[in-house]
Amino acid sequence: MAELSQIRNFAIIAHIDHGKSTLADRFLEVTGTVDKLKMREQLLDRLDLERERGITIKAQAVQINFHSKVDGQQYVFDLIDTPGHVDFTYEVSRSLAACEGAILLVDASQGIQAQTLANLYLAMEQDLTIIPVLNKIDLPAARPEELKQEIGNLIGTAPEEIRAVSAKTGDGVWEVLEQVAALIPPPVGDPAAPLRALIFDSHYDTFRGVIIYVRIVDGRVKKGDQILMVATNRTYEVIELGVFKPDMSPRADLATGEAGYLICTIRDIRTVKIGDTVTLKGNTGVVPLPGFVQPKQMVFCGLYPVEADDYERLTIALEKLSLNDASFTYEAETSQALGFGYRCGFLGLLHMEVIRERLEREYNLELVITVPNVIYQLEHDNGTVEEINNPADFPEGKKINEVREPYVKVTLISPTEYIGALMDLNHKKRGIHKKLEYLSESRVTMEYDLPLAELIVDYYDRLKAATKGYATLDYELIGFRASDLVRVNIMVNDEPLDALSFLCAKDHAYNRGREMVQRLRKVIPRHMFDVPIQAAIGGRIIARETIKAMRKDVLSKCYGGDISRKRKLLEKQKEGKRRMKMVGNVTIPQEAFLSVLDISDDAGD
């Protein structure tokens with residue numbers, strides 16, 4: 001059991017694809033934590049989705065034994081590998097709450113990016129010791145000296161103190177570990193005090209129930225202890241505990257300052273709250289730990305099973321996933337077109353896509369996803385404020401004083417030659433310019449206030465297209481502002497399709513409605529009757545397309561003769577199609593529900 005003075009808890013933070021997981025791999029390799037024969041790339045990324053996309057989605061913890069060559073001491077490092085994408089900032093904040101320090105990793109060719117700054121500010125808010133490290137110095141495009149100066153100016157560190165490493169080759173990695181031992185303070189806690197442990201993550205195992213990730217702040221917990229969850233007031237017996245190396249390694253106990261896991265045969269996944277405090281049964285007057293601010297979901301969509309019989313399986317899958325990821329919410333809803341499903345809330349579009357893919361892969365579900373949208377606030381005549389996250393709930397014909405939509409502060413970092421393209425993009429997206437600053441002669445940072453609804457439609461794709469992939473993006477919610485919004489209803493075969501209706505700015509309604517019906521005409525298959533597709537605001541049709549009926553040549557066997565015979569056959573066909581239209585259902589494929597994601601304001605230009 002390590003002494004408190006020999007424990008170091010730290011995380012790796014960086015922009016997406018700057019090498020966090022690769023650096024964690026080298027830490028495990030050079031310290032001998034993982035045998036070279038078992039070593040593979042992205043060892044801490046457990047999800048297939050993470051490995052395929054090359055991104056970290058879930059934060060992962062691992063314990064490393066480190067023998068310093070400088071002072072000769074043996075240290076225990078608890079390392080947490082964190083995500084870099086803006087949608088998973090909540091995972092980063094939870095991980096940092098269990099640490100005393102952080103390695104700030106910067107790509108030596110790309111330099112400081114938007115999420116570099118965002119994650120740095122998160123770490124500084126929690127008063128963590130920051131160790132700046134420059135990665136990928138083996139790349140031909142690396143600019144180590146220039147970027148050391150840039151990082152030094154950002155965090156107030158002398159450039160010569162910034163370590164330059166290659167996580168791929170292992171150059172300089174041992175020196176970074178020596179810095180962790182020397183600079184990051186040991187955890188502060190009282191081993192003699194009653195147990196207080198912070199739940200910073202959890203996941204569900206089919207055979208063992210809920211596995212809780214904890215950081216021991218005070219006291220000690222051992223196998224067989226009766227523990228109490230302070231927030232839920234539930235008591236459980238610890239049947240196994242241990243640390244991650246990186247697989248679960250059972251231990252007899254966990255002491256102050258350590259991070260590990262607890263297994264208590266918890267079957268009801270709703271009884272575990274991320275940020276809750278764990279103590280021993282009978283400990284009265286224990287002050288709960290601060291925990292975490294519950295993340296606010298800002299992007300909503302409906303998830304429906306393709307087969308109605310899969311509804312119960314979807315319910316169970318969402319319950320299990322909500323334990324693994326506390327940052328999304330769900331509630332039951334029904335749709336005229338799609339039947340029974342769930343209204344789900346996410347932190348962003350990538351978060352939504354990841355949850356959908358995990359449901360389809362891990363739980364073998366086929367899903368239909370509806371148009372993503374955001375939360376809106378409606379102020380009624382009597383002064384009451386109502387929040388809605390579904391366009392179907394937007395009242396039409398009723399008097400509303402004001403409609404407010406969420407705005408975000410968008411921070412963009414880009415090469416200077418793309419300033420004009422970025423200004424044009426943000427103007428079309430109703431952005432309000434706030435700030436422009438030069439980081440260097442060739443790089444600029446820009447700030448805009450932007451409606452969140454404009455960000456989730458196709459902003460990211462158009463940003464990458466406008467800047468050839470060089471610009472990076474970060475955003476944070478800044479509140480609600482009044483806007484002139486309307487609901488655009490989509491009707492297929494004269495029937496309103498609630499799952500495809502959406503809210504948008506009045507000035508953009510015609511373009512978006514027109515583009516929507518044009519896209520639907522391409523993805524809805526032809527039927528035996530004409531299928532009209534219309535976009536409407538209230539009772540006014542603003543756009544229409546028609547999918548022409550399949551046509552059988554009923555005159556193919558008529559080789560002349562009286563014209564009345566031909567006319568009779570055509571009238572009979574026409575009457576048959578009219579009857580079919582009265583009872584016929586239009587088949588709408590899943591692509592129709594995804595097509596709205598690609599709608600742009602200048603469609604058709």
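**Exercise 1. The nonpolar cores**

Identify the residues of the largest nonpolar core that touch the most other members, and the elements that build this core.

*Solution.* In this predicted model, the largest nonpolar core has 30 residues, of which V410, L412, L455, Y459 and L463 touch the most other members. Next, the elements are listed: those giving two or more residues to this core are β21 (376-380), β23 (400-415), α9, β25 (443-451), α10, β26 (472-482) and β29 (502-505). The greatest contribution comes from α10, with six residues. There is also a second, separate core of 25 residues, which includes A24, F27, F77 and L105.

The surroundings of V410 can then be examined. Leaving out residues up to four places away in sequence, V410 touches M446, E447, Y448, L450, L455, Y459, L473, D474 and Y475. Among these neighbours are L455 and Y459, which also belong to the group of core residues with the most contacts to other members.

**Exercise 2. The geometry of helix α10**

Compare the span of α10 with the expected span, and locate the bend in this helix.

*Solution.* Helix α10 covers residues 452-466, a run of 15 residues. From its first C-alpha to its last it reaches 19 Å, close to the 21 Å expected at 1.5 Å a residue. The axis of α10 nevertheless bends by about 65 degrees, and the bend is at D458.

The burial of the helix is considered next. The buried residues of α10 are L452, A453, E454, L455, I456, V457, D458, Y459, R462 and L463. D458, the site of the bend, is thus among the buried positions. Just after α10, K468 takes a positive phi of about 55 degrees.

**Exercise 3. Two aromatic pairs**

Classify the pairs Y330 with Y342 and Y418 with Y470, and state where each partner lies.

*Solution.* The structure holds 11 aromatic pairs. For Y330 and Y342, the ring centres are 5.6 Å apart and the planes stand at 75 degrees, so this pair is edge-to-face. Y330 lies in strand β18 (residues 329-335) and Y342 in strand β19 (residues 339-346), 12 residues apart. Y330 is partly exposed, with a relative accessible area of 25%, whereas Y342 counts as buried at 7%.

For Y418 and Y470, the distance is 6.4 Å centre to centre and the angle between the planes is 15 degrees, a stacked arrangement. Y418 is in the loop between β23 and α9, and Y470 is in the loop between α10 and β26, so the pair ties together parts that are 52 residues apart in sequence. Y418 is buried, at 10% relative accessibility, while Y470 is exposed, at 53%.

**Exercise 4. An aromatic cluster and charges over rings**

Name the members of the aromatic cluster that contains W174, and find the charged ends that sit over the rings of W174 and Y407.

*Solution.* The cluster is formed by F10, F27, F66, Y75, F77 and W174. F27 and F77 of this cluster are also found in the second nonpolar core. Over the ring of W174 sits the charged end of K69, 4.6 Å from the ring centre. Over the ring of Y407 sits the charged end of R481, 4.8 Å from the ring centre.

**Exercise 5. Backbone and burial at single residues**

Determine where N364 and R430 lie and what phi each takes; then state whether N135 is buried or exposed.

*Solution.* N364 is found in the loop between α8 (349-362) and β20 (367-369). Its phi is near 55 degrees, a positive value in a residue other than glycine. N364 is exposed, with a relative accessible area of 61%. R430 lies in the loop between α9 (419-428) and β24 (432-438), and has a positive phi of about 65 degrees although it is not a glycine.

N135 belongs to strand β5 (residues 129-135). Its relative accessibility is 2%, and buried means under 20%, so N135 counts as buried. Apart from neighbours within four places in sequence, N135 is in contact with H18, G19, L105, V106, D107, A108, V165, S166 and A167. One of these contacts, L105, is included in the second nonpolar core.

Methods: Residues numbered from 1 in each chain as written. Predicted model: local features only at pLDDT ≥ 70, side-chain atom pairs only at ≥ 80, totals over all residues. Heavy atoms only, no water. Helix = DSSP H or I, 4+ residues; strand = E, 2+ residues; numbered from the N terminus. Buried < 20%, exposed > 50% of the residue type's maximum accessible area, 1.4 Å probe, protein only. Expected span 1.5 Å × (residues − 1). Bend = angle between axes of the 7 residues up to and from the residue. Contact = heavy atoms within 4.5 Å. Core = buried A, V, L, I, M, F, W, Y, C linked by side-chain atoms within 4.5 Å. Phe/Tyr/Trp six-rings, centres within 6.5 Å; stacked < 30°, edge-to-face > 60°. Lys NZ or Arg CZ within 6 Å of the ring centre and 35° of its normal.
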